Structures are given as structure tokens and as C-alpha cells.
Amino acid sequence: MSEQVQHGEHEHHIVSPKVYVIVFFALLVGTAATVWASYVDLGLWNPIIALAIACTKATLVVLFFMHVKYSTKLTKLTVAAGIFMFLTLVSMTLADYISRAWGNW
Amino acid sequence: MPDSTQIAHGASADAHSEHPPYLRHHFESTEQQADAAGFAMWLFLLTEVMFFGGLFTAYLIYRNWYYPAFVAASHQLNVFWGTLNTVVLISSSFTMAMGVWCAETRRKSGLVLCLILTFIMGLGFLGIKSIEYREKIEKHHVPGFHYSMQSFLDPASDPEVFKEYHDKPLAPDMAVHTELYFSLYFLMTGMHALHMIIGIGILGFMIYRAQVGAYTSGHTTFVMNFGLYWHFVDIIWIYLFALLYLISRHQ
Amino acid sequence: MSATIVSLPDQSSARIPKVNYITKENGILSWLLTGDHKRIAILYLISLSFFFFIGGALAGLIRLELLTPQTDLMATDTYNKVFTMHGVIMIFFFLVPSVPATLGNFLIPLMIGAKDLALPKINLLSWYLYMAGGILAIYTMATGGVDTGWTFTTPLSTHYVNTNVLTTGLAAFIAGFSSIFTGLNFIVTIHKMRAPGMTWFRLPLFVWAHYAASILMVLATPVVAIAIVLIALERTIGIGVFDPTKGGDPLLFQHLFWFYSHPAVYIMILPGMGVISETISTFSRKRVFGYTAVAFSSVAIAIFGFFVWAHHMFIMGISNYAVLVFSLLTMLVAVPSAIKIFNWTFTLYKGSITFETPMLYTFGFMGLFTIGGLTGVFLGTSGTDIHLTETYFIVAHFHFVMVGGMLMAFLAGIHFWWPKMTGRMYPEKISQLAAVITFIGFNFTFFPQFILGTLGMPRRYASYPPEFQILNVFSTAGATILGVGYLLPVLYLTWSLKYGAIAGNNPWQATGLEWQTQSPPLTENFVVMPIMDHEAYDYEWLERQKEIEVTHAG
């Protein structure tokens with residue numbers, strides 16, 4: 001059901017509804033999993049699992065709903081740049097806050 | 001000023017159907033135009049990522065500093081409504097993606113149906129959000145508006161939440177910081193809701209235009225780019241749900 | 001030095017081409033509702049000049065007050081408002097948009113062989129947002145001003161002042177969107193609308209510089225936007241995010257603010273560096289030395305520029321480990337800038353140098369930016385920064401890079417491309433005089449401030465110990481000279497619109513696609529799409545072209 005028309009660089013790839021349905025169900029499963037996991041006391045691991053599942057769901061949305069899997073290298077690079085910049089902001093700022101507790105050398 | 005190295009070129013020279021009315025004159029082809037528009041939309045989404053980034057940074061910092069307060073405060077959030085909202089938004093992303101497929105395959109009534117479903121689910125999300133907000137208002141958990149720490153100084157006074165979590169009372173100097181949690185809660189979900197409202201508004205416009213076939217005659221750019229926006233808003237919620245509702249359910 | 005590369009058509013028979021982007025349509029609405037990137041550039045040029053002179057007047061007031069050690073010209077609170085608005089207007093409403101919104105808008109499509117930018121309506125919106133922000137800033141000044149410094153440092157701006165923090169913040173917020181849209185437009189255009197044969201490594205370095213600056217505009221500006229939103233909410237509702245009594249941290253604002261404002265300085269300087277690459281090549285008749293290094297260093301400045309913001313916060317209370325890391329990273333970011341200075345210098349070596357006005361400004365840039373940049377290294381070294389920060393050393397440092405660097409580059413670019421934008425040459429002698437006056441005035445104004453800073457005079461103070469007076473008087477005298485130097489171009493450039501010599505297509509005998517079209521260009525830039533078949537700065541190709549007769553349309 002997916003038509004593929006390569007037109008030079010531009011992607012004309014029409015993602016098939018079958019893919020969307022599979023991803024949709026995967027997202028629902030992920031939601032169920034993350035809610036279930038949050039009910040179990042896993043100490044340190046709760047936030048890690050929750051974030052890992054969130055990242056997986058986000059990746060599915062980006063790759064398939066937003067067509068990035070079928071997009072040009074430029075689009076992929078753009079997404080990567082955004083994620084990188086976001087991580088830089090968060091991690092370098094947090095690094096200051098966390099290292100304040102370490103005292104003066 | 002033709003130069004000997006220049007060759008006559010350009011879509012404007014073609015007189016046939018390669019020059020549809022929606023092709024702007026500074027572009028050589030509809031592919032180039034659609035490409036450029038899509039790329040521009042992605043760049044705009046990058047700015048949104050950085051905009052929310054500041055809020056996520058603030059949340060992570062203060063959660064690190066005031067962990068007990070943030071845990072106790074997060075217990076005030078109703079996981080049922082949050083999960084329902086997540087399912088609603090994911091479903092609306094699915095219908096939006098289907099809408100894009102309908103536009104690409106020129107299925108006008110399919111597109112209109114998908115847009116209407118997305119619209120309704122967007123409204124549903126906001127409705128659920130308003131239920132949650134109303135609860136916060138009733139319990140005086142809105143910063144700056146008669147904020148009350150009572151539920152955290154004496155958790156037993158809040159029987160619903162106490163039944164589920166059995167939190168210990170917080171010391172007053174830590175309980176004060178629950179207000180910061182709610183500031184960030186309202187900021188982040190409020191900013192997200194604002195983006196939903198804008199999206200729903202644009203959806204309304206799109207439903208009208210889709211009815212007259214604007215998006216199903218080869219010019220799908222608007223629908224595709226709006227789809228990107230809508231999925232982005234969904235992704236923000238996926239992270240908000242995890243960070244606000246789920247990660248602090250246990251001490 | 002009477003040698004010149006200027007080559008004008010025969011003035012007795014030369015005419016401005018009848019059909020060009022200025023004459024294409026008449027009436028104020030055709031300008032206010034235009035999608036033509038060249039008209040938008042001119043709109044920006046006029047409004048930018050207006051804001052520059054307001055910012056400059058405020059600077060004059062600062063220097064007048066600082067003639068004497070006491071606060072005798074204005075109350076301290078008023079002085080605080082004057083330097084705050086000077087900073088806000090000069091940074092957000094002059095420096096950030098200066099080269100990109102005027103020269104970038106005008107030239108990028110011409111340089112890459114496109115008919116317009118990718119998103120003309122967004123381009124126009126960008127100008128309207130700029131005007132809205134600017135008018136709001138003026139309104140703020142008229143209704144009592146704001147006195148927190150352009151940096152809006154918390155908790156002063158959130159809890160201790162009753163001035164117009166909100167409206168100024170809103171003005172900056174709106175101007176930020178203007179900047180984002182400009183950068184977004186440039187990135188899309190440069191990626192998607194280059195003419196056939198215009199590969200990345202055939203692009204003029206001006207385009208590379210704007211590409212790098214645009215990445216910064218798009219990724220950094222939203223962070224200051226959220227910082228401003230948080231300040232607004234802190235001031236109105238009291239959400240507590242920056243309030244120590246509620247557990248908030250004022251430093252969080254500074255992290256978010258400087259996350260943008262450090263890349264902002266690169267947003268300001270990179271386009272200026274792009275101008276310098278063009279002028280230094282043209283006036284040495286030589287390809288820029290190490291094209292690839294200069295191109296990549298622009299992108300490197302953009303990337304590294306994201307990792308150093310906390311060097312503005314060394315004494316504010318960040319952890320010592322953060323100080324260490326950010327100081328080391330700051331050393332790194334100086335390297336690509338230095339690479340450019342080296343490469344431009346090597347471009348001069350064995351070139352045929354002439355000293356037209358753009359080149360005078362270029363030389364001024366090279367010297368003054370080097371000094372400013374080197375003093376930046378002193379400030380990036382946390383040990384010395386502890387003594388020099390919040391003194392006049394900082395003020396001198398950033399004025400050397402921004403005014404001695406960026407503003408000189410802006411003037412170089414305006415003069416260099418004036419004939420292309422208007423079809424007329426500016427008068428050479430008086431403009432050279434103005435350039436020299438500017439250079440002299442600048443050094444008198446700002447060099448003493450390095451000394452003042454090292455001696456310990458704090459910044460943002462209306463009064464100072466009497467022993468600092470003589471250097472302050474020097475500085476104010478220099479500012480007067482500088483003012484003359486900036487006023488002259490307004491006068492003679494306006495004069496040249498009617499009486500300047502007809503420039504023809506390529507008065508500088510420069511390479512670059514913009515010089516192969518008529519002056520002023522057609523609305524659609526090119527009659528036929530150009531095909532790029534030679535490298536950038538290819539002066540041999542230009543020699544071969546001279547044999548072919550160039551005609552213009554209309």
C-alpha cells in the first residue's frame with residue numbers, strides 16, 4: 001500500500017496506514033507499560049524506566065508519524081541538532097547545580 | 001545581462017501543468033517549495049524544543065533540590081486522568097497521521113473525518129485538563145492564589161491522596177517548596193495547553209479548507225506541516241506525563 | 001595612495017536602470033506590504049538607523065554624566081535607566097539585526113542566485129515584529145524606563161524594582177521572534193535555493209557567516225524567550241522560580257539568559273566577519289586565504305559558542321567546577337576567531353591593496369576586534385575575571401568587539417554594497433575622512449576604559465572616585481569625536497542618493513553573483529537563472545568576463 005516515488009532528493013514516500021496502526025498500538029502498549037511500571041516500587045529505576053519508555057515513544061512518533069525515517073539526511077540532521085542542543089542546555093546547567101554541593105574543591 | 005555562462009532555465013518557462021497556481025514565483029518547482037516549507041517547519045519546531053527546554057531545565061533542577069516536596073506534590077496529580085490524556089493525545093496523533101495520508105492520497109472525505117477526530121480529541125484533552133485544573137483550584141494548590149500547604153503538612157487531611165500514597169507529613173520549610181512544584185506544573189502544562197489551543201484553532205480552519213478540497217489536489221504542504229506541529233505537541237506531553245505524573249510515585 | 005580599483009561607467013552617458021526593485025512599484029503600501037527581500041532590507045536599514053541614533057543619544061548622556069565624578073547631570077536612578085535602555089536598544093534593536101536584516105536580507109538571494117528568500121511573507125513579518133518591539137521599547141522609555149541593566153539580573157529585576165521590566169521584556173521577546181524568523185529564513189534559503197553549480201564551497205564567505213549566525217538565532221533565542229516569560233510570571237504572580245524565599249534560584253534566570261546572550265554576541269559578530277571576508281578579498285584583489293578554514297571556523301564559532309555561557313557568571317555563585325569547565329571551554333572558542341584574523345591577514349599578504357572606505361573600516365575592524373578579542377581571553381580566564389568583571393574593563397572589551405568590530409564591519413558593508421543597493425556611489429573623500437574620525441574617536445572613547453577597569457572603576461555607576469576623572473574626560477571627548485564620525489555617513493549617504501556618481505554593475509570589480517547584475521537590481525534579481533561554474537573569489541574568471549559586454553534590462 002505504500003507508494004514510493006523517488007524524485008531526485010525529495011522524498012515522495014507515502015507512509016502506509018499499516019505502519020501508523022502498528023506504531024499507534026506500540027505507543028498504547030508503551031503507555032500501559034510506563035503506567036504499570038510506575039506502580040511498582042523500583043527505587044532508583046522508576047525515573048530511568050519512565051524516561052526510557054518516554055524516549056522510545058517519542059522516537060516512534062518522530063520516526064514514523066513525523067516521517068523522519070523516510071526523510072532526507074538534512075531532516076535527520078536537523079532533528080539531531082535540536083536534541084543535542086536541548087541536552088546541552090539541560091546537562092550543562094544541571095552540572096552547575098549538582099557540582100555546587102561538592103563544595104570548594 | 002545574460003552572461004555567456006548562463007543558460008535559460010526556470011519553471012516559469014514551462015507552460016503546462018508543472019506551474020500550478022500555488023507555486024510561488026521565487027521557487028523553481030513545487031518540489032523545491034514543499035521541501036523548503038517542510039524544512040522551515042522543522043526549524044520552527046527546533047525553536048519550540050529550546051523554548052520548552054528552559055522549563056524542563058528548571059523542573060529538573062528544583063526536583064533535585066527539593067526532592068521530598070516534589071514527590072509529595074506530584075502525588076496530588078491523578079494518574080488516571082493523566083493516562084487518559086496520554087491515550088487521547090496519542091490517538092489524536094494517529095488520526096492526524098492518517099489525515100496526512102488521506103491528503104497525500106487525495107481522499108477528501110477521509111481527510112475531513114481525520115481532522116474532525118483530531119479536533120474532537122484535542123478538545124477532549126483540554127476538557128480533561130480543565131477537570132484537573134479545577135481540582136487544583138479547589139484544593140488551593142495554585143501558586144500565588146491563596147496557596148495552601150495544608151495537604152503536605154498534614155497529609156491525612158487529604159483522604160483521597162492519603163489512601164493511595166500514605167505520605168509522611170513534610171516539615172514546613174520543605175512543604176514551602178511544593179508551591180514551586182505547582183508553579184512548574186502549571187507553567188509546563190499551561191504552556192503545552194496553550195500550544196494545544198493554537199493547534200485546535202488551526203485545525204478548525206483546516207477542516208473548513210479541507211471541505212473545499214484545498215489539501216487534496218496535490219498541495220499537501222499545510223496539512224503535512226501542521227501534522228509535524230501536532231506530533232511535536234504530543235511528544236511534549238509524553239515527556240510531561242512521565243516527568244510530572246510518573247517518576248515520583250515512590251519515595 | 002591614489003590607487004583605486006573603482007571602475008565607474010562614463011558619467012556623461014550613464015543612467016540608473018529604469019526598471020529596478022525601487023522603481024518597480026510606487027506608493028507606500030508597495031513598500032509596507034512588499035515580499036521583495038531587497039525592499040525589506042531597506043525598510044530595516046531605515047528603522048535600524050533610527051534606533052541606532054536613539055541608542056547613541058543615550059550613550060551621549062552616559063558620557064556626559066561621567067564627565068564629573070559626582071552625579072550632577074541626572075539622578076542615579078535616571079542614570080541606571082539611561083544605560084539600561086542604551087544596552088537594550090543597541091543590542092536587541094541595532095546590533096543583532098544590523099548586518100543580517102539589512103545586508104543579509106538584501107544580498108543572500110543575490111549571492112546564491114535565487115529570486116528571493118524562501119519565505120518572503122515571514123521576512124516581512126520579521127520586520128513588523130522588529131518595529132513592534134522597537135516601538136514598545138520607545139514607549140517603555142517614555143513611560144519611566146527600566147533600570148535593571150540590559151541583563152535583567154534577578155532578583156533585582158523580579159523583586160526590587162518598580163520600573164517597566166515587563167514592557168521591556170515584552171519588547172525584547174517580540175524582537176527575539178523577529179530574529180528567529182530571519183535566521184530560519186536564511187537557513188532554509190541557503191540549503192534549498194542555491195543556483196545550479198553553487199555548491200557549498202563556492203558560496204561567498206558572507207553566506208557561510210550568515211548561515212552560522214542563523215543557526216544561533218534559531219537555537220538560542222527561544223531560551224531567552226522562556227527566561228523573559230518566567231520573569232514576567234515571577235513579577236506578576238510570584239511563582240517563586242527565581243525567589244530565594246520560596247526556594248527558587250536567581251541564578252537559574254542567569255543560566256537561561258546567558259544561554260542565549262552569549263551566542264547572541266556571535267550572532268552579532270559573525271555577519272560582520274562575513275562582510276570583512278568580502279571586503280578584504282575585493283580590496284586585496286585576492287582570494288580569501290584558506291577559504292575552507294574560514295568557512296568552517298564560522299560554523300565552529302557557532303557551535304562552540306553554545307558551550308561557554310557561564311563565563312558571564314563566574315562571580316555569581318556557580319560552582320567552582322562549573323567555573324573551571326566554562327573557563328576552559330572559553331579558551332577553545334577563541335581559536336576559530338583567531339583563525340579568521342590570521343586568514344584575513346594572510347589574504348592581505350602579496351595582495352594589491354587599495355584604501356577605499358570599506359577597506360579603511362576593514363582595517364579598523366581587524367585591529368580593534370583583535371584587541372577586543374584578546375581582552376576577551378583575559379576575561380575568560382577565571383582568575384583574572386574575578387578582578388576585572390563588573391568593571392570598565394568589561395565595558396571596554398565588549399565595546400571594542402561590538403563597536404570597534406561589529407559596527408565598523410557594518411559600516412564597511414554599507415559602503416561596499418551601497419552602489420549595489422542604490423545604484424550610486426558615495427563620495428569617497430568625505431567617507432574616508434569619516435572612517436578615520438570614527439577610528440580616532442573610538443580609540444579615545446574606549447581605550448581609557450580598559451585602564452579604568454584595571455584600576456577598579458566599577459561599571460554601571462553614575463559616580464566614581466575623583467582620581468578616575470581624567471580618563472573619563474578623555475573617554476567623553478572621544479565619544480564626541482565618535483559621534484561626528486557616525487553622523488557624517490548619514491549625511492553624505494543621503495546626499496549620494498541624489499547626487500552620487502552612477503555606479504554601474506560592478507564598481508569594485510568584485511567577484512560574486514550580486515556584482516554581475518544591474519545596480520540597483522531587478523525585483524526578481526536575475527532575468528535568467530545564473531549557473532555557477534567557477535569558484536568563489538575567482539579574479540581570473542572576472543578578467544575573462546570583462547571581455548563580454550554586459551547589458552542590463554530596461
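1. Start with what lines the second largest pocket of this predicted model. The residues there split into 34 nonpolar, 10 polar and 4 charged. The full lining has 48 residues, and the pocket's volume comes out at about 1400 Å³.

2. Which residues lie nearest the centre of that pocket? They are B:Met41, B:Phe222 and B:Asn225 from chain B, along with C:Leu119 and C:Ile122 from chain C.

3. As for the elements around the second largest pocket, those giving two or more residues to the lining come from chains B and C. Chain B supplies α1 (30-65), α8 (178-211) and α9 (221-246), while chain C supplies α5 (120-142), α7 (165-192) and α8 (205-236). The top contributor is α1(B), with 8 residues.

4. Now over to a helix pair in chain C. Helix α2 (residues 37-65) packs on helix α16 (residues 469-499) with the axes 9 Å apart and an angle of about 160°. Anything over 145 degrees counts as roughly antiparallel, so that is the label for α2(C) and α16(C). The crossing of α2(C) past α16(C) is left-handed.

5. Who makes that contact? On the α2(C) side you'll find C:Phe52, C:Phe53, C:Arg63 and C:Leu64. Facing them, α16(C) puts in C:Asn472, C:Ser475, C:Thr476, C:Ala479, C:Tyr486, C:Leu487 and C:Val490. By type, the residues of this α2(C)–α16(C) contact are 7 nonpolar, 3 polar and 1 charged.

Note on methods. Residues numbered from 1 in each chain as written. Chains lettered and ligands numbered in written order. Predicted model: local features only at pLDDT ≥ 70, side-chain atom pairs only at ≥ 80, totals over all residues. Heavy atoms only, no water. 1 Å grid on protein atoms, 1.4 Å probe; cavity = no way out; pocket = protein on both sides within 12 Å on 5 of 7 lines; lining within 4 Å. Points joined across faces, edges and corners; volume = space filled by probe spheres on them. Helix = DSSP H or I, 4+ residues; strand = E, 2+ residues; numbered from the N terminus. Nonpolar A, V, L, I, M, F, W, Y, C, P; charged D, E, K, R; others polar. Axes fitted to C-alpha atoms, helices over the stretch in contact; angles between N-to-C directions. Parallel < 35°, antiparallel > 145°, perpendicular 65-115°, else oblique. Left-handed = near helix turned anticlockwise from the far one by under 90°. Contact = heavy atoms within 4.5 Å.
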